[in-house]
Amino acid sequence: MRPILLSGHERALTQVKYNRDGDLIFSTAKDQQICAWYSHNGERFGTYHGHVGAIWTVDVDPTSTMIASGSADNTIRLWEVKTGKCLKTWEFPTAVKRVEFNEDGSKLLGVTEKRMGHMGTIVVLDIDLDVNAEQSDEKSLTIVCDESKATVAGWSYLSKYIIAGHEDGSISQYDAKTGDLLYNFPIHELNNPVVDLQWSQDRTYFITASKDKTAKLISAKDLEVKKTYVADTPLNSAAMTYKKDFVILGGGQAAMDVTTTSARQGKFEARFYHKIFEEEIGRVRGHFGPLNTVAADPTGKGYASGGEDGYVRVHHFDKGFFDFTYEVERERANRLS
Amino acid sequence: MAPSFDHLRDEDLDEDDIDMDEVDISDLREKYEVQLEQGYDTFVVIDGLPEVTEEQKPKLVKFLLKKLNSAGKTREDLIFMPMGDDGKSLRFAFVEYSSAAEAATAVRQLDYTALDKKHTLRVNKLTDVDRYGREGRIDDEYTPPTIEPFQEKEHLRSFLADPSGRGRDQFVLYRGDSVGVYWNNEKDQPEPVVERQHWTEAFVQWSPQGTYLTSVHAQGVQLWGGPSWTRQRRFPHPFVNLVAFSPNEKYLVTWSNRPISIPEEGHPVLTLDDDGKNYVIWDIETSKPLRSFAQLETPAVTDEHGVKKTPKFPWPAFKWSADAKYVARLNQGSSISVYELPKMNLLDKTAIKIEGVMDFDWAPSTPQRDGIKTYEQLFCFWTPEIGSNPAKVGLMTIPSKQIIRTLNLFSVSDAKLHWQSDAAYLCVKVDRHSKSKKSQATTLEIFRVKEKGVPVEVVDTIKDTVINFAWEPKGDRFVIITTTEPVGPTAGVPPKTSVAFFCPEKAKGQAVGNFKHLRTLEKKNSNAIFWSPKGRFVVIATIHNQQSSDLDFFDLDFEGEKPESDKDLTANLLLMNTADHYGVTDVEWDPSGRFVASWASSWKQQMENGYHMYDFRGEQLREEPVEKLKQLLWRPRPPTLLSKEEQKTIRKNLREYSRIFEQEDAERINSADVAVVEHRRRLLEEWYAWRAVTEEELAEEREALGLPEDPVAELLKAHAAAVAPDEEEKVIEEIMEEVLEETEEIVS
């Protein structure tokens, strides 16, 4: 099917996110508004105004009641999805690069930038999902990253661990209750920052994307690298599709490194790999800038990508996508049925 | 503590405060004291003279002088022969030459030469005697040199025996800091033979027959080879930049743009003679330098606009004859110096004077000329118009130095010499200007070297400038690339080019007919010609070009139907395939002519570095992006050991062989497929086993914590309960519009 082109942003996209039901898409960009869209037809149903800096990140709670956003104006804001009302603003000394709700929406983590003498930190805020409730001002936990700043972070299953990806290419596992560092492994190539971290549905494993041109599938419990996907361009984002065992990688040569304008040289394509076999199975073209963010529909119907070109492209998978199986997969399916 | 810059007071900066007398600089003086020339460089010591009395002495001196003067200038009174107490000479003499260079020559030329039947001269520099023979440096007692027991060396040609029995070729990949040698596996991942980090500092190079891999370092050159890739040889030429082998891998030329400077304490291999030289010619077997040379200044050329062009650096400066018995260097504008191997002495002691000579080139194989039985090498050269004399192209034999053919040419602005690989033809590409010097045209003057009297055929149907020319190896066809626009740095967009194919007409018997134009392909961007080493197939490519990057694969002996117009020609051209490799900078055929590798080197451009592998028909077999790829080089093969008859038999029975090979290929592919499926099956099982364990653990943990099975379902239920009471039931209508038909009517 033809992709739907969402042109609501004026600048480069920073994150796109589906809600749990897969009917809404939230997108943030370096312009100062968050957009919310219906995923099935691309109609915009609202924007959220208030930030006064580039917005780096957005997340929606599992009940699709609230969204949280982090911005270069050094704030995390909490919004009501339905009305667009800003429910709460937390201020920080530096920009916020990543926010994520835990699996039941009771906690929110934020990754703050290292700048102006401040260390990079991961903060945890308690959230009450009642829109009328007063949200707490206090951070329930602060993790200081004194080795290498965290670039991305997320909650594991049962909100047991906080997993963070770092600028030096390493991945850390923290105890989500105490904030103690349990492990830190150099997983990606040294000094190639981890730029994205997305979870499987049950949050027992996650996929990371790095500038070292690889994406890795890692188990949350012991940070064991299960799979590695090798691309030929620096990556910005990686997502896992549901229903089918694929992963989607987005990236492309950064604008400053591209010397010609021809679209093929930048490799501005979404790449599909088989999650288990680590083999590339296809590419989707369309953006004329690097893909900054990709997200998969949790119901498995499609995916969305946001580019440096300011567009979000929402794709709905065709029948061929669902029909595509490896022989050994078919074999297994037949055996199980 | 020394005062840091921040705390420096003004007084500290005042230099006048320092009393120079108080400063002790004796240590510095010691270190940097200039060693004044000791003046003994012009002296040599001659040993091994006969014992003579005072009366016999003048006779001996006179006799000696004759010999000594062959190396340089010296006089009777400059020879000092010390006499012993018994009135007899001590059998040695000191000789002073007029310059240090002459003294060096004397040592080189006269050492170990016979004075008469009984006496052999030993000639040494006085400074050397002083350096090596000073008291304490030599043990008084003679200790025989220890001879290392013989050790079996590895087989340097073992690479020709492919362990898989498929006769695969190897190539070397130099990327980032690592160098690796691989077997070409066609479609599959190349099989590594050896991989090493920091194997080389500058580049890698194969020797011409593939025996050695050359690595280039600041300290010199190293050769590697054998099945375990051990170091075979080293040639310590400091700051070496370029390396060239003789065709038979016996000799090596190294060049550095920095003149060699021999340190005070000496150099392990090079001597003071080599000081200030740029080139060193080495014997590979012994790893010893044969001779070194300084760089020649190439005269700067002023073009027609009066702009001084920096002369192109001539490489290889030393060109080898096909049998590697001679090596020659051009002294542009005046002469060609031919040196004989292995002694590296100038042939007949003089350079061959050819006034105005611009370029020369050896025949790439020993030429077989009609009616000439003697074994001689051949080179060609050309001279420009000088005054009213025409420009000339000449062919000269070595060692007899006979000019066997010359050709006069007029209005020549430049000429290029192209030998065919068997030395059967020489094509001279002559760029001519019209009388007004405004327009350019090119003619091809083709010398038929093997035929009687070396007839010359002229191809003058070409209107445009020829920018590239290439003979078919072992064949008699050639390809040229022409352009209408002048070559040069035009603003970004390279000019359009045409590719033209030429071949001989059909002729009776063994004779080769006249060269005729076969086909021209216009409006191309192509700029490079790559013939298969076995001939017949050729790749015409556009390399190093931002806009286009085509590789056209041609067959010149297509076995299908031949167009009527070509029926008298000895070629049938077919474009088999066109490939596109974005950013390609280099193309190379493997030595067997079965595969073509094209690659984008990060030395030349930064984008999409990597290589493509094609078969000879232009079907892409493989493409691999390689980060920071610098070089990909096929390992050359030595010439075949099979006789002509044996090769013929093989060719005759090719069908038999290929049947076996095809069967083997099919089996291999099948087993590979099975392996892949098996591998996938295992991956799938491993994955699902891991998932099952993890999910079970998760469920257990969840239960232990007293959490609901699905955290969100509960949450949503609660959420829905909170929202529902306020909300009334809604009817949602969705209007679907469907376009059944669209028609367009034109109302006139």
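Here is a short tour of a few spots to select in this predicted model.

Before you click, residues count from 1 along each chain as its sequence is written, while chains are lettered from A and ligands numbered from 1 in the order in which they are written. Local features need pLDDT of at least 70, side-chain atom pairs count only at pLDDT 80 or more, totals for chains, interfaces and linings use all residues, and side-chain values use heavy atoms, with hydrogens and water left out.

**Stop one: chain A.** Select residues 6-47, then 48-89: an unreviewed UniProt entry lists both as "repeat: WD" (its positions follow the numbering used here, feature names are shortened, and annotations may be inferred rather than shown by experiment). Residues 6-47 are 0% helix and 55% strand, and residues 48-89 are 0% helix and 57% strand. (Helices, H or I with at least four residues, and strands, E with at least two, are DSSP runs numbered from the N terminus.)

**Stop two: Asp24(B).** Look in the loop between helix 1 (10-13) and helix 2 (26-32) of chain B. Asp24(B) is exposed, at 58% relative accessible area (exposed is over 50%, buried under 20%, partly exposed in between, using a 1.4 Å probe and protein chains only).

**Stop three: a hairpin in chain B.** Select strand 35 (residues 528-531): Ala528(B) and Phe530(B) point one way, Ile529(B) and Trp531(B) the other, and all are buried. In a regular strand, side chains alternate between the two faces of the sheet. Now add strand 36 (residues 537-541), which pairs with strand 35 in the antiparallel sense over 4 bridges (pairing takes at least two DSSP bridges). Phe530(B) sits opposite Val539(B). Finish in the turn, at Gly535(B), with its positive phi of about 80°.
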